[in-house]
Amino acid sequence: PVGMTSTYTKDNPNADSDTDLYASGAEWISPKTQLADGDGRKVVLNDTDHSFGWEQLQSAGALGQRQWAWETFCRGAAPVFMDPYLEAWTGRNSPSGTTPDPQWNGLRDALGYTALFASKIDLEQAVPSTSLCSTTYCLVQPGHQYLVYQPDPGGFQLQVTAGSYHVEWFDPVTGQLTDGDRVTLPTGSQSFTPPASFTADAVLLLRAP
């Protein structure tokens, strides 16, 4: 596969090149937009080297970094962290011997968790949708599988097709899975509320038998 990343010039470093990327002959792209949709036009590798610089990542903190990883994944793109790992860079990364800088552990964990859920669903069939869930971050195969990310505390709405589903909740803060019951739902908008133990964002996975 041939890929292309976003570009800029010294004369106009803020120029938006993403339109050119999507219109190019490249098979995968790394856009400049921080939250770029993987809408089927291209394979989107949303890497922090191009879309979410290290100073912005630091300012976003653990919650903002985690939200970016899950929001990117649930919009159909692949979140990629340009991890400095053991490279010592003033202000950016301070490893201790063979121990990576812990300030980036939350983002590393978030990417691992998105990879876990990528293995739980059929990505070939799951399509990103901004309209079927009120959070706008969901991967859906109607009647079969629904993966929803809620970046804020509290409940949300999800438009489902009638059927029987297994419910699974995931706490992105603690990494804990809550294996729920099987529920039978009618067609239409359904309300979901994360478990009371969740303190911030949440992930819901519904899967048909």
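This briefing describes the two sheets, the helix that packs on them, the largest pocket and the aromatic pairs of the structure. The model is predicted, and every value given here is computed from it. One open sheet has six strands with antiparallel pairing, while four strands form another open sheet in which the pairing is parallel. Helix α3, which covers residues 54-74, touches strands of the six-stranded sheet, and α3 also packs on the parallel sheet.

**The antiparallel sheet**

- The six strands of this open sheet follow the order β5-β6-β7-β12-β9-β10.
- Because β5 (127-128) and β10 (176-185) stand at the edges with a single partner strand each, one side of each of these strands is left without a neighbour in the sheet.
- The partner of β5 is strand β6 (residues 138-141), to which β5 is joined by two bridges, with the two strands running antiparallel; within this pairing, V127 has V140 in β6 as its bridge partner.
- Helix α3 packs on this sheet through contacts with β5, β6, β7 (145-150), β9 (163-171) and β12 (202-207), and the direction of the helix makes about 150 degrees with that of β7.

**The parallel sheet**

- The four strands of this open sheet are arranged in the order β1-β2-β3-β4.
- Here β1 (3-5) and β4 stand at the edges, each with a single partner strand, so one side of each has no neighbour in the sheet.
- When direction is ignored, neighbouring strands of this sheet are turned by 20 degrees against each other on average.
- Three bridges join β3 to β4, and these two strands run parallel; L45 has A78 of β4 as its bridge partner.
- Helix α3 touches β3 and β4 as it packs on this sheet, and its direction makes about 150 degrees with that of β4.

**The largest pocket**

- The largest pocket has a volume of about 320 Å³, and its lining is made up of 20 residues, of which F73, G76, A77, A78 and L123 lie nearest the centre.
- At least two residues of this lining are supplied by each of β3 (43-47), β4 (78-80), α4 (105-120) and β5, and the largest share, four residues, comes from α4.
- By character, the lining of the largest pocket divides into 14 nonpolar, four polar and two charged residues.

**Aromatic pairs**

- The count of aromatic pairs comes to 12, and one of them is formed by F81 and W104, a tilted pair with 5.6 Å centre to centre and 50 degrees between the planes.
- Both F81 and W104 lie in the loop between β4 and α4, so the pair ties together parts that are 23 residues apart in sequence.

Conventions
Residues numbered from 1 in each chain as written. Predicted model: local features only at pLDDT ≥ 70, side-chain atom pairs only at ≥ 80, totals over all residues. Heavy atoms only, no water. Pairing = 2+ DSSP bridges. Contact = heavy atoms within 4.5 Å. Axes fitted to C-alpha atoms, helices over the stretch in contact; angles between N-to-C directions. 1 Å grid on protein atoms, 1.4 Å probe; cavity = no way out; pocket = protein on both sides within 12 Å on 5 of 7 lines; lining within 4 Å. Points joined across faces, edges and corners; volume = space filled by probe spheres on them. Nonpolar A, V, L, I, M, F, W, Y, C, P; charged D, E, K, R; others polar. Phe/Tyr/Trp six-rings, centres within 6.5 Å; stacked < 30°, edge-to-face > 60°.
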